[in-house]
Amino acid sequence: MRFEILRDPVWNNIRVDDLTLELVDTEVFQRLRYVRQLGWTYLVYPGATHSRFEHALGTHHLSRRALALLCEAENSTSISEIDQAVVRSAALLHDVGHYPFSHALEEIGALHHEDVARPLITDGSVAMLLSSRLGSDAPLKVFDLIRGRSDSPLQGLISGSLDLDKIEYLKRDAFMCGVPYGEIDVDRLTNSLVLVDDPETGRRSLGVQEKALSALESLLFAKYQMYRNVYWHHAVRSATAMYKRLVEDAVRADVVGVESLARYTDEGLMHRLESERPTPLLSALKERRLYKRAVEWPAADLDDGLEWIATDRKRVADVESSLASDFGLAPGELLLDYPVKTEMLGLDIPVLRRSGAVERLTGEGWTGTINLPSLSEELYKSARWLRVFTAKRVQLDSRRVRELLERTR
């Protein structure tokens, strides 16, 4: 098998085979060069201009490393070359359905990026390559791994509690942002991966050795720090809220269709909006005149009755307009932002204990060990904030705003 070496600032040398190179050269994958990994984060961290393209290559690199270690392990000789190639392809292609500026458009109700990926992987040039090299069922196998629906014992490498995507983006994002928060014991984690018989289903699946628990803690703390300081930084969320409202308005005005959003690159979508429907909101975003925090509350001080702000975009737009009117602002000059609820560390993974027994580490945790699930929830609540942003600095009565929001439950 022939290999090429790609140089990468995070992993140094990434080795890729012929099939990988051909997949990289498809139009589907090349679009990822022009979709930023962290959306509007570069307005706060100037170095955060890296793309989904290099992240996908890094995830492929980690999959090759993890598979090599698993194949060296005792009783893991059953991983065929075809199975390995399918997993590596899934690692490479897992983000091909991403929208411009990353996850933001999923928050306005657009189809999940993994569902967008289905026709891109199971039809067209990508499907032809996978079928010709790995068998006619390979495209669907790759997509099932990406969607987390595969029966393969290796599913956990692509989608799960300890998937390689998570490890890669935390390392790369921290490096490119120039922050020290993404420190993960990658070697310990990858060297602790094992294939075990799941104690609940009896099926072969990916797990970790008990000695990896401290490395799992490093993953949890890295993710928390990155969410608190980067992904959910108030200025990043302000830009994201502006972008979501901008695209929503464009969709309502029939400037772009929801179904076509995933075909755009970052700059392609912005150019379309600027040429078809220039607005003050678009100008403010491009010129980094970000909306300011007027009121904010941590999730720990809120109950589930306000979750609609994260999920019901039509209702949010109506309430934003109503609040803007109440406080003497023009439509679109007041925005609500509450990040979509995500698990800080959704643990559900078999662990090979030192005794040789296999037990499942879930949200219940283990007696006598650090309660990672409980700690995860507490850290999550301290990182997630509900914020009201306004186009100009204004003083809002936080109690009155809270009452108005709670009244709309």
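Hi everyone. Before the pockets themselves, one convention: Ala, Val, Leu, Ile, Met, Phe, Trp, Tyr, Cys and Pro count as nonpolar, Asp, Glu, Lys and Arg as charged, and the others, Gly among them, as polar. Please also keep in mind that this is a predicted model.

Let me begin with the second largest pocket, where we can put that convention to use. Its volume is about 350 Å³. Sorted by class, its lining has 10 polar residues, six charged and five nonpolar. That lining is made up of 21 residues, and Gln155, Gly156, Ser205, Leu206 and Arg360 are the ones nearest the centre. Which elements supply at least two residues each? They are α8 (155-158), β4 (204-209) and β7 (349-352). With three residues, β4 gives the most.

Now over to the largest pocket. Here the volume is about 1200 Å³. There are 41 residues in the lining, and those closest to the centre of this pocket are His103, His113, Tyr169, Tyr227 and Thr342. If you'd like to trace the walls on the structure, look for α5 (113-122), α7 (138-147), α9 (164-177), α11 (213-231) and α12 (234-252), the elements that give two or more residues to the lining. Which of them has the largest share? That is α9, with four residues.

And the classes for this one? The lining of the largest pocket has 15 polar, 14 charged and 12 nonpolar residues.

That's my tour. Thanks for listening, and I'm happy to take questions!

How values were computed. Residues numbered from 1 in each chain as written. Predicted model: local features only at pLDDT ≥ 70, side-chain atom pairs only at ≥ 80, totals over all residues. Heavy atoms only, no water. 1 Å grid on protein atoms, 1.4 Å probe; cavity = no way out; pocket = protein on both sides within 12 Å on 5 of 7 lines; lining within 4 Å. Points joined across faces, edges and corners; volume = space filled by probe spheres on them.
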